[in-house]
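Open the model in your viewer and keep the selection box at hand. This tour goes stop by stop, naming what to select and what is there.

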Amino acid sequence: MRGDDEQLQAGMFSYIALEERIPKNHPLRGIRQLVDEVLKSLSREFDRLYAKVGRPSIPPERLLRALLLQAFYSIRSERLLMEQLEYNLLFRWFVGLEIDDGVWNHAVFSKNRERLLNQEMAQMFFSRVKEQASGLMSDEHFTVDGTMLQAWASQKSFQRKPGDGPEGPSGSGDFRGQERKNDTHESKTDAEARSYRKSKGQEAKMSYLGHAVVENQHGLVAAAMATQADGTAEREASVLMLREFPDSGRITWGGDKAYDTAEHVALVRELGATPHVAQNDTNRASAIDGRTTRHAGYEISLSRRWLVEKVFGWLKQTAGMRQVKLRGLEKVQWLFVFSCAAYNLLRIPKLRESV
């Protein structure tokens, strides 16, 4: 019998709880459970950030859950995120909103996000997520790499610094035929972004660099940070992140050819790690010799380098990190670290099921 396509929608009440509308096997259920544990552990930190009196703000737990949804579902702006929360019951359930709860104005949401999130809070959130991966992460074998993050600034905004010579013919901003360097030029819209090309033959773009360390067992992110873009930033970030690892014995530190320099290899060894970086012996001598390459573990480390590329692929394709929509290194830093935490949150429930 054909059903009746009656257009009148007169129902005003629902007797089905929002919790019952979400399938028991939905992937967000396992993630929500992890997120709740992480946020509960951060409750005291949240208390220190807010005054005891005054008008209540957006609860930090709900704000962070909403930002995780933005990364999971590739929502390109906070305005669209608020629109989704208005009618998407799955999103309301994950954030913690009831069906009849009002949704925040996107500008209010952005302002609350700026007050809550900074580098310290993002790293703290990332660390608590890492604690949830206990038993799933290798504590001996790691791979480090960096990726270019296009800044929210165009090449046209990359103009000569004030007092460093004329900008162009008649001050038109025409830079044809001019040599433009980061020493003499800066972006007028994001002064901390740098003109950078990842490799020869590619065009230069206003960029930052995101750096990640993944463990070689399951490819979970063990450390993350963002820096300004330049030719030595990847190696410098590698050393900085290695210093954060506890001295619990010899670990392997993998990387691509960009990390094969005598200075970097020596610093890695000095910090108690074995550098398993790919040899760069094109028209030069590699800093990695037979003392390292003769071991079977060296080839294994090189074969696991794809794990970090998998992380970068998700960050750019899904989490919207291909071109960051925030300006300034501090904001790019927390966004990158927070997005790496989101990646771990997606992976941990699946890994727990398979173990």
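**Stop 1: helix α7**

Begin with the buried residues of α7, and show what they pack against: α3 (43-49), α4 (60-72), α5, α8 and α14 (329-354). Keep in mind that this is a predicted model. Helix α7 itself spans residues 106-116, and its buried residues are F109, S110, N112, R113 and L116. These buried residues lie on the same side of α7, because they cover an arc of only 165° around the axis.

Now go to the start of α7. Select N105 and A107 there. A side-chain oxygen of N105 comes to within 2.8 Å of the backbone nitrogen of A107.

**Stop 2: E78 in helix α5**

Next, select E78, which belongs to helix α5 (residues 78-87). Is E78 buried or exposed? The relative accessibility of E78 is 12%, so it counts as buried; the cut-off is under 20%.

Add R113, already met in α7 as one of its buried residues. The side chains of E78 and R113 make a polar contact of 3.0 Å. Then show the contacts of E78, leaving out neighbours within four places in sequence: L67, Q70, H106, F109, S110 and R113.

**Stop 3: rings**

Colour the aromatic residues. The structure holds 10 aromatic pairs. Take Y73 and F91, whose ring centres are 5.0 Å apart. The planes stand at 55°, so this pair is tilted. Y73 is in the loop between α4 and α5, while F91 is in helix α6 (residues 89-95). The two are 18 residues apart, and the pair links distant parts of the chain.

Compare how covered the two partners are. Y73 is partly exposed, with a relative accessible area of 37%. F91 counts as buried at 4% relative accessibility.

Now select F72, W93 and F94. Ring pairs join these residues into a cluster. Add R32 to the view: R32 lies over the face of W93, 5.6 Å from the ring centre.

**Stop 4: two residues with positive phi**

Most residues other than glycine have a negative phi. Select S74, which is not a glycine yet has a positive phi of about 55°. S74 is in the loop between α4 and α5. With a relative accessible area of 40%, S74 is partly exposed.

Jump to N283, another residue other than glycine with a positive phi, near 60°. N283 sits in the loop between β8 (273-277) and α11 (290-293). N283 is exposed, at 80% relative accessible area.

**Stop 5: strand β1 and its partners**

Select residues 141-150, which form strand β1. Eight of the 10 residues of β1 are buried, and the strand is mostly covered.

Which strands pair with β1? One is β7 (residues 251-255), which runs parallel to β1 and is joined to it by three bridges. Pick T143 and find its bridge partner in β7, G254. Another is β5 (residues 205-215), antiparallel to β1 over nine bridges. Here G146 stands opposite H211 of β5.

Step back along the chain to S138, in the loop between α8 (119-132) and β1. S138 is buried, with a relative accessible area of 14%. Setting aside residues up to four places away in sequence, S138 touches E215 and Q217.

**Stop 6: the β5 and β6 hairpin**

Follow β5 onward to β6 (residues 221-228). Seven of the eight residues of β6 are buried, so this strand is largely enclosed by the rest of the structure. Seven bridges connect β5 and β6, and the two run antiparallel. To see one of these pairings, select V213 and its bridge partner in β6, A223.

Five residues lie between the strands of this hairpin. G219 takes a positive phi near 80° in the hairpin.

**Last stop: K350 and P27**

Finish at K350 in helix α14. K350 counts as exposed at 55% relative accessibility. Now add P27 and look at the C-alpha atoms. How far apart are K350 and P27 in sequence and in space? They are 323 residues apart in sequence, but 8.7 Å apart in space, C-alpha to C-alpha.

Terms used. Residues numbered from 1 in each chain as written. Predicted model: local features only at pLDDT ≥ 70, side-chain atom pairs only at ≥ 80, totals over all residues. Heavy atoms only, no water. Buried < 20%, exposed > 50% of the residue type's maximum accessible area, 1.4 Å probe, protein only. Helix = DSSP H or I, 4+ residues; strand = E, 2+ residues; numbered from the N terminus. Pairing = 2+ DSSP bridges. Polar contact = N/O pair within 3.5 Å; in protein donor to acceptor, adjacent residues only side chain to side chain. Contact = heavy atoms within 4.5 Å. Arc of directions from axis to C-beta. Phe/Tyr/Trp six-rings, centres within 6.5 Å; stacked < 30°, edge-to-face > 60°. Lys NZ or Arg CZ within 6 Å of the ring centre and 35° of its normal.
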